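Please keep the model open in your viewer and make each selection as it comes up in the text. The stops below go from one region to the next.

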Amino acid sequence: MTARQVHIIDHPLVQHKLTLMRRKDTSTKSFRELVHELSALLAYEITRDMPMQEIEIETPLEKMKSRVIDGKKVVLASILRAGNGFLDGMLQVIPGARVGHVGLYRDPKTLKAVEYYFKMPSEMEERDVIVLDPMLATGNSAVAAVDRLKQTKPRSIRFVCLVTCPEGLKTFHDAHPDVPVYTPSIDRGLNEHGYIVPGLGDAGDRIFGTK
């Protein structure tokens, strides 16, 4: 993988919080709080090279031109349901962002992604999309989500996850070599059930306390 394709976010605070999330005895409350904190930290890295525009403002002393990110042009595309755990932290940093949802579930036999919901803002041609999913495991859900998003012809797409693995990255970039992935960790691989190891378990279950 090239640096353009995969961005490893190795900031000490990010790595520290990810380690706490991995622990099997981390409570649902703590896990949820850590996802919130970690997603806010990741937002800083993901938006590092976002396009900016100059606007005129007035300081207490004089008028000047200064640069801003147009938050209304950013779409946070959450892959349901676990992606919703990312939203609050991201919106804390990019409060003007629009929010879209991609409903997918993984067929337990084929491990393929099955879509059941898709809703995005209008005028996607002018928008930069950040796709949110805590896990990039087999890569099938990520590929299916970006397939659908590309049909809306957004200006750019980025994918962010907490943990991924070589198999998932290969599947994803075989289908979408132009979409960069942002993650704190590339783990060892997948087990026979398609879960990332060592991983952190099922992120959706741990966020919502459903297991």
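Select L149 to begin, a residue of helix α4 in what is a predicted model. With a relative accessibility of 0%, L149 counts as buried, because that value falls under the 20% cut-off. If you display its surroundings and set aside residues up to four places away in sequence, you will find L149 touching A77, F118, M120, M124, V129, V131, P154 and I157. A distance drawn from the C-alpha of L149 to that of G100 gives 10.0 Å, for two residues that are 49 apart in sequence.

Move on along the chain to K153, in the loop between α4 and β9. Is K153 buried or exposed? At 59% relative accessibility K153 is exposed, since the value is over 50%. Its backbone also merits a look, as phi is near 55 degrees, a positive value in a residue other than glycine. A second such residue is E123, again with phi near 55 degrees, and its place is in the loop between β6 (113–119) and β7.

**Helices α2 and α3**

Now select residues 28–46, which form helix α2; its 19 residues reach 26 Å from the first C-alpha to the last, close to the 27 Å expected at 1.5 Å a residue. Colour F31, L34, V35, L38, S39, A40, L42, A43 and I46, the buried residues of this helix. In reading that pattern, it helps to recall that an α-helix has 3.6 residues a turn, so residues three or four places apart point the same way. The elements that cover the buried residues of α2 include α1 (12–22), α3 (84–93), β7 (128–132), β9 (156–160), β11 (181–183) and α6 (203–208).

Turn next to α3, where the buried residues are G85, F86, L87, G89 and M90. These pack against α2, β4, β5, β7, β9 and α6.

**The largest pocket**

Bring up the largest pocket, which has a volume of about 650 Å³. Which residues lie nearest its centre? They are R106, D133, M135, S141 and D202, out of a lining of 29 residues. By character, the lining divides into 17 nonpolar, 7 polar and 5 charged residues, and β4 (74–80), β5 (98–106), β8 (135–136), α4 (140–150) and α6 each supply at least two of them.

Two annotations from an unreviewed UniProt entry can be laid over this pocket. One feature named "binding site" is placed by UniProt at R81, R106, D133, P134, M135, L136, A137, T138, G139, N140, S141 and D202. From this set, the lining of the largest pocket takes in R81, R106, D133, P134, M135, L136, A137, T138, G139, N140, S141 and D202. The "binding site" annotation also covers I196, G201, D202 and A203, and the pocket lining takes in I196, G201, D202 and A203 from that set.

Three of the annotated residues deserve a selection of their own. Start with D202, in the loop between β13 (196–197) and α6; at 27% relative accessibility D202 counts as partly exposed, and beyond its neighbours within four places in sequence it is in contact with R81 and Y195. P134, by contrast, is buried, with a relative accessible area of 1%, and is found in the loop between β7 and β8. Sequence neighbours up to four places away apart, P134 touches A82, G83, F86, C161, L162, V163, A203 and I207. G139 lies in the loop between β8 and α4 and is buried at 4% relative accessible area; outside the residues up to four places away, G139 touches G168 and T171.

**Cis peptides and strand β12**

Return to R81, in the loop between β4 and α3, and inspect the peptide bond from L80 to R81, which is cis with omega near 5 degrees. Another cis peptide bond joins V197 and P198, with omega about 0 degrees, and P198 has its place in the loop between β13 and α6.

Finish at G189 in strand β12 (residues 189–190), a residue that is buried with a relative accessible area of 5%. Not counting residues up to four places away in sequence, G189 touches C165, P166, E167, Y195, I196 and V197. As a last distance, draw G189 to A137: the two are 52 residues apart in sequence and 8.3 Å apart in space, C-alpha to C-alpha.

Note on methods: Residues numbered from 1 in each chain as written. Predicted model: local features only at pLDDT ≥ 70, side-chain atom pairs only at ≥ 80, totals over all residues. Heavy atoms only, no water. Helix = DSSP H or I, 4+ residues; strand = E, 2+ residues; numbered from the N terminus. Expected span 1.5 Å × (residues − 1). Buried < 20%, exposed > 50% of the residue type's maximum accessible area, 1.4 Å probe, protein only. Contact = heavy atoms within 4.5 Å. 1 Å grid on protein atoms, 1.4 Å probe; cavity = no way out; pocket = protein on both sides within 12 Å on 5 of 7 lines; lining within 4 Å. Points joined across faces, edges and corners; volume = space filled by probe spheres on them. Nonpolar A, V, L, I, M, F, W, Y, C, P; charged D, E, K, R; others polar. UniProt positions renumbered as here; feature names shortened; annotations may be inferred.
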